[in-house]
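Please look over the structure shown here together with the short briefing that accompanies it. The notes are grouped by topic so that they can be read beside the coordinates.

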Amino acid sequence: MKRELGDGYQFCRFLPEKRIQKERRPFPGPQTVASLTVGCVRIESRLYPEKGSLTPVWHVFVKDDPDSPDWIFYGSPEGPASGREREMFRVLDRIVQRDHLSYTECCFERLEGCAVGAGRREKK
């Protein structure tokens, strides 16, 4: 998949595994551990502070236009999230196959009417 998509395949790790394991107190807010973008779909592994500990969660995003810089939240698959690239791809691929999504084509209509601008929503 990396060879097919070239720059369209990007894995970024934001928090080292050792830091997560050593962390004894929650971060002040959600923290992105890692992100894997594969064409028109993306999965993120995030940590959320909850009841004195950190809860790992998946977030999946899609695009409505391949050239758009914006990502649309698609869902949060169940199961403990991991910041490991192979595990992230495995979970993302399962969702792409199950929901008939595509890595190379957008499966959603472009929404017209509102744009996000400078911290407020503007009518087009």
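What follows is a briefing on one helix and on the internal cavity. The model is a predicted one, and the values below are computed from it.

**Helix 3: length and end**

- Helix 3 comprises the 14 residues 85-98, which at 1.5 Å a residue should span 20 Å, and the distance of 20 Å between its end C-alpha atoms agrees with that expectation.
- Immediately after helix 3, H100 adopts a positive phi of about 55 degrees.

**Helix 3: buried and exposed sides**

- The buried residues of helix 3 are M88, V91, L92, I95 and V96, and because they cover an arc of only 135 degrees around the axis, they lie on the same side of the helix.
- As general background, an α-helix has 3.6 residues a turn, so residues three or four places apart point the same way.
- R86 and R98, by contrast, are exposed on the other side of helix 3.
- The cover over the buried residues of helix 3 includes strand 1 (9-13), strand 2 (31-38) and strand 3 (41-50), and it also includes strand 4 (53-62) and strand 5 (72-75).

**The cavity**

- The structure holds one cavity of 30 Å³ or more, and the largest cavity has a volume of about 40 Å³.
- The residues that line the largest cavity are C40, V41, V62, K63, L101, S102, E105, C106, C107 and F108.
- Sorted by class, the lining of the largest cavity has seven nonpolar residues, one polar residue and two charged residues.

Notes
Residues numbered from 1 in each chain as written. Predicted model: local features only at pLDDT ≥ 70, side-chain atom pairs only at ≥ 80, totals over all residues. Heavy atoms only, no water. Helix = DSSP H or I, 4+ residues; strand = E, 2+ residues; numbered from the N terminus. Expected span 1.5 Å × (residues − 1). Buried < 20%, exposed > 50% of the residue type's maximum accessible area, 1.4 Å probe, protein only. Arc of directions from axis to C-beta. Contact = heavy atoms within 4.5 Å. 1 Å grid on protein atoms, 1.4 Å probe; cavity = no way out; pocket = protein on both sides within 12 Å on 5 of 7 lines; lining within 4 Å. Points joined across faces, edges and corners; volume = space filled by probe spheres on them. Nonpolar A, V, L, I, M, F, W, Y, C, P; charged D, E, K, R; others polar.
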